[in-house]
Amino acid sequence: MTDTVAVADWQAWQRSWDRQQEWYLPDREERFRVMLDAVEAVVGPEPRILDLACGTGSISDRALRRFPGATSTGVDLDPALLTIARGHFAAEPRAAFVTADLRDPGWTERLPHRAYDAVLTATALHWLGSDELRVLYGRIAGVVREGGVFLNADHMPDPATPRLNAADHAYQEARRTRAKAEGTQDWVDWWQTAARDEALAGPVAERFAIFGNPADGPDHANGVAEAFQPVAWHVDTLRAAGFGEARAVWCSPSDAMVLGLK
C-alpha cells in the first residue's frame, strides 16, 4: 500500500511539472509530437533515446508511451527534478537516469551507451551561453550514431521581426496573467511548493545550492541566458559540429525546433 501511494505521488509531481511548464508553453505537447514524429521518420519506432537535460523526464514519458520498443537515458544535474523522474519511472525498466553536468567535458563517459539513435531536448539548453552550446553540440554529435538524429526545441527568436516579437510577447504575457489569476502555478510557485514537500525538501535544497532559489530573483536555469540565438545560428552550428543536414522542423513566433541528421 505504501509503495502504491509513493508511485502515485511521483506521478502527481510529474503532472504538476507539466502543468507549470504549459503555463509558459501552451504548445508544449505539439512540440513533443513533432519531435517524436521526426524520430520515427528518421530512425524508426524502436529508438535508443538520450533525453538531454531531461528534468522530470517529460520527453522520456511521451517517447516510452508512444514507442513500446524504445529505451531512454535521461541526463540532468538537478537533484530535485531527477528525484521526481526516478520516482515516476521506478517501475519502468526501459528508463535510466544519469546525474551529470553538460558543461563537464566528461559527461558522455557516464552514459550507459556509446551511441544513441536519437538525442532529444526541449526548453533546456538556453541556460548555456553561445560558446558553451557550441561545444555541447560537438559532444552531442559524438554520441549520435551515423544516420541518427538530434532535436532541440527551445527559445529561438528571430531578430528580423521586432514588431511580431513584441506583439507575441504582449499576447503571451496577457495569457499567463489570466492563467495565473485562475490558479496556475508559475516557476517560482512550483519550486516553493516542492520545497515544502517532505519527500522533496532535501533534493530541492540541493538544487537551490546549485542553481539558486528562484524566489530570490531571476533564475539562470529557467531562461535568463547570455543570449538566445536564432534558428540560423543553431543550424550553422550543428553543421559545423558534424551533422550532415540541419534545419528547423517546427516554429512558433518565439520558439523553434531544429533537427540535426548525422
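Axes are lines fitted to C-alpha atoms, for helices over the stretch in contact, and the angles between N-to-C directions run from 0 to 180 degrees. With that in hand, welcome to a set of close-up views of a predicted model.

**Figure 1. Helices H7 and H8 pack against each other.** Two packed helices are described by the angle between their axes and the distance between the axes. Here, H7 (residues 187–195) and H8 (residues 201–211) have axes 8 Å apart and pack at an angle of about 130°. That angle makes H7 oblique to H8, because oblique is the word for angles that are not under 35, over 145 or from 65 to 115 degrees. To find the contact, look on H7 for Trp 187, Trp 191, Ala 194 and Ala 195. Their counterparts on H8 are Ala 201, Val 204, Arg 207 and Phe 208.

**Figure 2. Helix H5 crosses helix H9.** The axes of H5 (residues 130–143) and H9 (residues 231–241) come within 9 Å, and the crossing angle is roughly 45°. H5 is therefore oblique to H9. The crossing of these two helices is right-handed. Which residues of H5 meet H9? They are Ser 130, Leu 133, Arg 134, Tyr 137, Gly 138 and Ala 141. On the H9 side, the contact involves Trp 233, His 234, Thr 237, Leu 238 and Ala 241. The buried residues of H9 are Trp 233, His 234, Val 235, Thr 237 and Leu 238, and what covers them includes H5 along with E5, E6 and E7. Just after H9 comes Gly 242, with a positive phi near 120°.

**Figure 3. Seven strands form an open sheet.** Strands of a sheet pair through backbone hydrogen bonds, either parallel or antiparallel. In this sheet the pairing is mixed, and the strands follow the order E3-E2-E1-E4-E5-E7-E6. Which strands sit at the edges? Strand E3 (95–99) and strand E6 (245–251) do, and each of them pairs on one side only. Neighbouring strands of the sheet are turned against each other by 20° on average, direction ignored. Helix H2 (residues 28–43) packs on the sheet, where it touches E4, E5 (144–155), E6 and E7 (255–261). The direction of H2 makes about 170° with that of E5.

**Figure 4. Strand E1, helix H3 and strand E2 build a right-handed β-α-β unit.** Follow the chain from E1 through H3 to E2 to trace the unit. E1 and E2 run parallel and are joined by five bridges. One pair to look for is Arg 48 with its bridge partner in E2, Thr 71. E1 also runs parallel to strand E4 (residues 116–122), with three bridges between them, and in that pairing Ile 49 stands opposite Ala 118. Is E1 enclosed or open to the outside? Four of the five residues of E1 (residues 48–52) are buried, so the strand is largely enclosed by the rest of the structure. H3 is likewise largely enclosed, because seven of its nine residues are buried. The buried residues of H3 are Ser 58, Ile 59, Ser 60, Asp 61, Arg 62, Ala 63 and Leu 64.

**Figure 5. Ala 53 and Thr 123 have positive phi angles without being glycines.** Ala 53 lies in the loop between E1 and H3, and its phi is near 55°. Ala 53 has a relative accessible area of 14% and is therefore buried, since buried means under 20%. Thr 123 belongs to the loop between E4 and H5, with a phi of about 50°.

**Figure 6. Pro 68 and Glu 146 are exposed.** Pro 68 is in the loop that links helix H3 (58–66) and strand E2 (71–76). Its relative accessibility is 67%, so Pro 68 counts as exposed; the cut-off for that word is over 50%. How many residues separate Pro 68 from Pro 45 in sequence? The two prolines are 23 residues apart along the chain, and their C-alpha atoms are 8.2 Å apart in space. Glu 146, in strand E5, is exposed as well, with a relative accessible area of 61%. Glu 146 and Leu 261 are separated by 115 residues in sequence, while their C-alpha atoms are 8.3 Å apart.

How values were computed: Residues numbered from 1 in each chain as written. Predicted model: local features only at pLDDT ≥ 70, side-chain atom pairs only at ≥ 80, totals over all residues. Heavy atoms only, no water. Buried < 20%, exposed > 50% of the residue type's maximum accessible area, 1.4 Å probe, protein only. Pairing = 2+ DSSP bridges. Right-handed = clockwise from strand over helix to strand, strands pointing away. Left-handed = near helix turned anticlockwise from the far one by under 90°. Contact = heavy atoms within 4.5 Å.
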